[in-house]
Amino acid sequence: MNKTLRQAVIAGNWKMNKTRPEAKALITDLIPLVKDADCGVVICVPYTNLETALELTAGTNIKVGAENCHWAKSGAFTGEISADMLAEMGVEYVVIGHSERRQYFGETDVTVNQRVRAALDAGLKVILCVGELLEQREQGITEEIVSMQTKIALGGVSAEELKRIIIAYEPVWAIGTGKTATAEQANEVNHCIRETVSKLYGQAAGDAMTIQYGGSMNAANAEELLAQPDVDGGLIGGASLKAPDFATIVKAASK
Ligand code: PEP
């Protein structure tokens, strides 16, 4: 598999962490540490930190993302944020379908697809999360599950729009648990996702697709995971909250 056909991207997912002063300190520390990165660098931050992140990263190689968006353009959806609101601010990326949204907030494959649609319509880039539960891995249906999640999420997405999507394979049992998929497990599922994309959009589109791994990736295990032929970067939760750790992962992806 030719990794030069696609860009590796390391994206931080801060989840519900960091007040504005804390965000400012973290980003200020991070900027010099990742300035020479030879991969994409994205920080996906809580809505309340977007403006701070955009201001501090202006003119640097760090891109800013949100952690979710609603599927409607506007309306009576108390507490939600639309894709247009993010795009207007200058936000470039949005995470959609994170397992914590699926697990705690009733996100389904269908609503993931609706949110992907809205994000693309607003001109955003999407980090689309897919991944199996522990029971599903134990039943031996991991590949069916991630392939189905990928197909449903990409429903109605054109080949041109696909270029604005990154897929993050995140086994649910590995997120925030300290349990990482082995490099081989990560590569196997990433390869299956690539084949699914190739079947839908053609081999060239599959080869060009950035497919990250996420799930307890950290400064110590990143190099092995990122060396896999089908692993094109990572979506990083816990380790993205410490600038030196996140920077070490960015360095590993830049090799
Ligand atoms: C995530 O939130 O997407 C994630 C992978 O978290 P962690 O790295 O903490 O497992």
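Modeller: Before we look around this predicted model, one bit of vocabulary: helices and strands are DSSP runs, numbered from the N terminus. With that in hand, Glu132 sits in the loop between strand 5 (125-130) and helix 6 (134-138).

Biologist: Okay, but why is Glu132 called buried?

Modeller: Its relative accessibility is 0%, and buried means under 20%. So 0% puts Glu132 in the buried class.

Biologist: And what makes the pair Glu132 and Arg137 a polar contact?

Modeller: Their side chains come to 2.7 Å. The cut-off is 3.5 Å between N or O atoms, with one able to donate a hydrogen and the other to accept it, so the pair at 2.7 Å counts.

Biologist: Let's hop to Thr111 in helix 5 (residues 109-121). Why does Thr111 count as buried?

Modeller: Thr111 has 14% relative accessibility. Buried is under 20%, so 14% gets Thr111 in. The Thr111 side chain also makes a polar contact, 2.5 Å, with the side chain of Glu107.

Biologist: Then there's Ile152, in helix 7 (residues 142-153). Why is Ile152 called partly exposed?

Modeller: Its relative accessible area is 31%. Partly exposed lies between the 20% and 50% limits, so 31% fits.

Biologist: Which residues make the nonpolar surface patch with Ile152?

Modeller: Val110 and Met148 join Ile152 there, and the patch comes to about 240 Å². Patch members need over 30% relative accessible area, so Ile152, at 31%, passes that test.

Biologist: Now the ligand! How do you know that His98 has an N or O atom within reach of an oxygen atom of the ligand?

Modeller: An N or O atom in the His98 side chain is 2.9 Å from that ligand oxygen. The limit is 3.5 Å, so this pair makes the cut. Glu170 offers a polar side-chain atom at 2.7 Å from a ligand oxygen, while Gly237 uses a polar backbone atom at 2.8 Å. The protein buries 96% of the 290 Å² that the ligand exposes when taken alone.

Biologist: What classes do the residues in the shell around the ligand fall into?

Modeller: There are 4 nonpolar, 8 polar and 2 charged residues. Among the 14 residues around the ligand, Lys15, Glu170, Gly176, Ser216 and Gly237 come nearest.

Biologist: Last one: Phe246, in helix 12 (residues 243-253). Why does Phe246 count as buried?

Modeller: Phe246 has 0% relative accessibility, and the buried limit is under 20%, so Phe246 is buried. Phe246 and Ala220 are 26 residues apart in sequence, with 11 Å between their C-alpha atoms.

Methods. Residues numbered from 1 in each chain as written. Predicted model: local features only at pLDDT ≥ 70, side-chain atom pairs only at ≥ 80, totals over all residues. Heavy atoms only, no water. Helix = DSSP H or I, 4+ residues; strand = E, 2+ residues; numbered from the N terminus. Buried < 20%, exposed > 50% of the residue type's maximum accessible area, 1.4 Å probe, protein only. Patch = residues over 30% accessible without salt bridge, like charges linked within 9 Å, V, L, I, M, F, W, Y side chains within 5 Å. Areas by Shrake-Rupley, 256 points an atom, 1.4 Å probe, with all protein chains shown as cover. Salt bridge = Lys/Arg side-chain N within 4 Å of Asp/Glu carboxyl O. Near = heavy atom within 4 Å. Nonpolar A, V, L, I, M, F, W, Y, C, P; charged D, E, K, R; others polar.
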